[in-house]
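Reader: I'm new to this one and would like to know what stands behind the labels people put on it. Can you take me through them?

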Amino acid sequence: MEGLTLDSGALIAFERRDRRVMAHLKEALQRGIEVTVPTLVVAEVWRGGPRAARLAALLAASLIEPLDEPLARVAGEAMGAIENSTVVDAVVMASAALRGDRVLTTDYDDLSRLAARFRSVRILKV
């Protein structure tokens, strides 16, 4: 069963209680779909403090994927092949591709450029 990988935009939208993100996460929970967040996404979004409580709960219920060397190499190769891609976006797509996940994002345009490199990944725009 394919999982759901979240990018930074999806986490920010979750913090803002975006109803579309909430609907996707509710469906994932109901269907027993694993939610994954790459560590670089956490670093890009996390600011701590009392406002981070909702995000902390989501992260506690998710698989936090560390950036190991093989994943970093796949992401780096994608960045070399796709002009103007970012490290975080490349890691999100490489991470999702490893598991055959869908990616939940608010940044469809940037990730869709990387989709040419990761054809197995379906991008869900919110």
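Author: Below, each label is set against the cut-off behind it. Keep in mind that this is a predicted model.

Reader: Let's start with Thr 36. Why is Thr 36 called buried?

Author: Buried means under 20% relative accessible area. Thr 36 has a relative accessible area of 1%, so it counts as buried. You'll find Thr 36 in strand S2, residues 35–38.

Reader: What does Thr 36 touch?

Author: Leaving out residues up to four places away in sequence, Thr 36 touches Leu 4, Thr 5, Leu 6, Leu 63, Glu 65, Ser 95, Arg 99 and Asp 101. Three of those names come up again: Glu 65, Arg 99 and Asp 101 are linked in a network of salt bridges.

Reader: Speaking of salt bridges, what makes Arg 102 and Glu 2 a salt bridge?

Author: The cut-off is a side-chain nitrogen of Lys or Arg within 4 Å of a carboxyl oxygen of Asp or Glu. In this pair the closest N and O atoms are 2.9 Å apart, so the label fits. The pair also links distant parts of the chain: Arg 102 sits in strand S4 (residues 102–105), Glu 2 in the segment before strand S1 (4–6), and they are 100 residues apart.

Reader: Are these two partners buried or partly exposed?

Author: One of each. Arg 102 is at 8% relative accessibility, under 20%, and therefore counts as buried. Glu 2 has 35%, which lies between 20% and 50%, so Glu 2 is partly exposed.

Reader: How do you know that Glu 77 and Arg 117 meet in a salt bridge?

Author: Their N to O distance is 3.9 Å, and the limit is within 4 Å, so the pair passes. Here too, distant parts of the chain are linked: Glu 77 belongs to helix H5 (residues 69–81) and Arg 117 to the loop between helix H7 (108–115) and strand S5 (122–125), 40 residues apart. Glu 77 is partly exposed at 49%, and Arg 117 is partly exposed at 40%.

Reader: Which partner does Arg 20 have?

Author: Arg 20 forms a salt bridge with Asp 18, with the closest N and O atoms 2.8 Å apart. Asp 18 has a relative accessible area of 18%, under the 20% limit, so Asp 18 is buried. Arg 20, at 40%, counts as partly exposed. A search of the whole structure finds eight salt bridges.

Reader: What makes up the largest nonpolar core?

Author: That core has 38 residues, and Leu 4, Leu 6, Leu 11, Leu 25, Met 93 and Leu 104 touch the most other members. Helix H6 (residues 87–99) gives the largest share of this core, seven residues. As for Leu 11, its contacts beyond four places in sequence are Leu 6, Val 37, Val 41, Val 45, Leu 55 and Leu 58. In soluble globular proteins, nonpolar side chains tend to be buried together.

Reader: And the pockets: how many residues of each class line the largest pocket?

Author: Its lining has four nonpolar, two polar and six charged residues. Among them are Glu 15, Arg 16, Trp 46 and Gly 48, and the largest share, three residues, comes from H1. The volume is about 300 Å³.

Reader: What lines the second largest pocket?

Author: Nine nonpolar, one polar and one charged residues. Helix H2 (residues 19–31) gives the most, with five residues, and the volume is about 220 Å³.

Definitions and conventions
Residues numbered from 1 in each chain as written. Predicted model: local features only at pLDDT ≥ 70, side-chain atom pairs only at ≥ 80, totals over all residues. Heavy atoms only, no water. 1 Å grid on protein atoms, 1.4 Å probe; cavity = no way out; pocket = protein on both sides within 12 Å on 5 of 7 lines; lining within 4 Å. Points joined across faces, edges and corners; volume = space filled by probe spheres on them. Helix = DSSP H or I, 4+ residues; strand = E, 2+ residues; numbered from the N terminus. Nonpolar A, V, L, I, M, F, W, Y, C, P; charged D, E, K, R; others polar. Core = buried A, V, L, I, M, F, W, Y, C linked by side-chain atoms within 4.5 Å. Buried < 20%, exposed > 50% of the residue type's maximum accessible area, 1.4 Å probe, protein only. Contact = heavy atoms within 4.5 Å.
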